[in-house]
Amino acid sequence: MKIIDELQGAETIAIGGHVRPDGDCVGSVMGLYLYLCKELPEAKIDVYLEKPAEIFDCISRIKDIKTEFNNKITYDVFIALDTVPERLGDFVPLYEKAGKTINVDHHVSNTGSSDVNVIEPQRSSTAELLYELMDAEKIDEQIAMAIYIGIIHDTGVFRYSNTSPRTMQIASELIKFGFDHSKVCEDTFFEKTYLQTQIMGRAVLESMRFMQDRCIVSVVSRRMMEFYQVTSKDLDGIVNQLQSVKGIDCAIFMYETGTLEYKVSLRSNGRVDVSAVAAKFGGGGHVRAAGCTMNGTYHDNINNLSIEIAEQFRNE
Ligand code: 5GP
Ligand code: MN
């Protein structure tokens, strides 16, 4: 299937991604947006997303992203990328009233409830999957860079086990377009501000191991975020750092989002299915990377997560 075949006759098209958009989400929505603007110059095409982190300002036309919508507008097609429609945040109503809905995603927890569903959990990233839905001849340097950003962010720059031979082939095709791929990796993935580095250091310093040192957890409170003058966008990468510790099968990182409310990130080396753990608490994701929002004190949350993780260890 090619995405363009599903858009025949569409005059208005909206593209959206998940709340707290990550690199795959931003790269995918912008890659598709740039592609469709070229392919369907007569159509009205809009992108709806929470404001992405500044590191993504290098993506062409990123400022076209709309963070609010007019209630009067109804789109012929809404394309939800890298998420189940429920996680489109403020834009769920736009999705619901669209004439036709399309969902392109690689999350194993996504069961596909749209009119057209392209859900392939073996794909490294939604961006990789989108590449397959595009006509390679119609891709240009700017589109290629957006897709490349999506792929590197969800594979940890080709490090995670979701990287397949096909992922590498696609990346190879993409870098032929000539954008500075090394700079893109450095500027959007590896580089951290001093404050981001400091809070990561603090989170690692205060982490604790438990369950025979197979699990590790760290928590960042609102007060700590205020002290370091950081927002949730500055906490990316902390959970991966925790998971890198030798001997760890499962890493948990949570930060306070409100009174007795925490955003939880889970990572594993494959011995724990963290997608299943997150799903118990209303979240989802992949076997090795998942997340959810939990209510309660962080001690309660760690206890509740531990019960689910211990259950999986028992079944080993
Ligand atoms: P992160 O920990 O980086 O926020 O997310 C890891 C993975 O889990 C991503 O693929 C992300 O989309 C997914 N994820 C994180 N939080 C949630 C959530 O609350 N619900 C669902 N369905 N997926 C989530
Ligand atoms: Mn993704």
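## Strand S1, covered on both sides

Both faces of strand S1 (12–16) are covered: Thr12, Ala14 and Gly16 on one side, and Ile13 and Ile15 on the other, are all buried. Buried here means under 20% relative accessible area, exposed means over 50%, and partly exposed lies in between, with a 1.4 Å probe and protein chains only. Put as a count, five of the five residues of S1 are buried. In a regular strand the side chains alternate between the two faces of the sheet.

A word on the basis of this report: the model is predicted, so local features need pLDDT of at least 70 and side-chain atom pairs count only at pLDDT 80 or more, while totals for chains, interfaces and linings use all residues. Residues are numbered from 1 along each chain as its sequence is written, chains are lettered from A and ligands numbered from 1 in the order in which they are written, and side-chain values use heavy atoms, with hydrogens and water left out.

## The parallel sheet

S1 belongs to an open sheet of five strands in the order S2-S1-S3-S4-S5, with parallel pairing. Strands (E, at least two residues) and helices (H or I, at least four) are DSSP runs numbered from the N terminus, and two strands pair if DSSP finds at least two bridges between them. Strand S2 (44–48) and S5 stand at the edges with a single partner strand each, so one side of each has no neighbour in the sheet. On average, neighbouring strands are turned by 15° against each other, direction ignored.

S1 and S2 pair in the parallel sense over five bridges, and Ile15 stands opposite Val47 in S2. Towards the other edge, S4 and S5 are joined in parallel by four bridges, with Val118 in S5 as the bridge partner of Val104.

Two helices lie across this sheet. Helix H1 (residues 23–39) lies across S1, S2 and S3, at about 160° to S1, and helix H3 (residues 126–133) lies across S3, S4 and S5, at about 120° to S4. Axes are lines fitted to C-alpha atoms, for helices over the stretch in contact, and angles run from 0 to 180 degrees between N-to-C directions.

## The manganese site

Which residues hold the manganese ion (ligand 2)? Its protein donors are Asp24 (OD), Asp82 (OD), His106 (NE2) and Asp154 (OD), lying 2.2 to 2.4 Å from the ion. Donors are N, O and S atoms within 2.8 Å of the metal (3.2 Å for Na, K and Ca); water is not among the atoms, so sites may look incomplete. Along the chain the donors follow the spacing D-x57-D-x23-H-x47-D. Asp82 sits in the loop between strand S3 (77–81) and helix H2 (92–97), and His106 in the loop between strand S4 (100–105) and strand S5 (116–119), 24 residues apart. Both Asp82 and His106 are buried.

Ser125 lies in the loop between S5 and H3 and is buried at 0% relative accessibility. Leaving aside neighbours within four places in sequence, Ser125 is in contact (heavy atoms within 4.5 Å) with Asp24, His106, Gly150, Ile151 and Asp154. Thr167, in helix H5 (residues 165–175), is also buried at 0% relative accessibility. Not counting residues up to four places away, Thr167 touches Ser124, Glu128, Ile151, Thr155, Phe158 and Asn162.

## The mixed sheet

Six further strands form an open sheet in the order S6-S7-S8-S9-S11-S10, with mixed pairing. Strand S6 (208–210) and strand S10 (284–285) are the edge strands, each pairing on one side only. Strand S9 (residues 261–268) and strand S11 (residues 289–295) run antiparallel and are joined by seven bridges; Arg267 has Ala289 in S11 as its bridge partner. Helix H11 (residues 298–314) lies across S6, strand S7 (215–220), strand S8 (250–258), S9 and S11, at about 150° to S8.

## Aromatic rings

There are eleven aromatic pairs. Rings of Phe, Tyr and Trp (its six-membered ring) pair if their centres lie within 6.5 Å; planes under 30 degrees apart count as stacked, over 60 as edge-to-face and the rest as tilted. The rings of Phe189 and Phe190 have centres 4.9 Å apart and planes at 80°, so this pair is edge-to-face. Phe190 is partly exposed, with a relative accessible area of 45%.

Phe253 and Tyr255 form a tilted pair, because their ring centres are 6.4 Å apart and their planes at 40°. Phe253 is buried at 2% relative accessibility, and Tyr255 is buried at 8%. Ring pairs also link Tyr48, Phe69, Tyr75 and Phe91 into a cluster.
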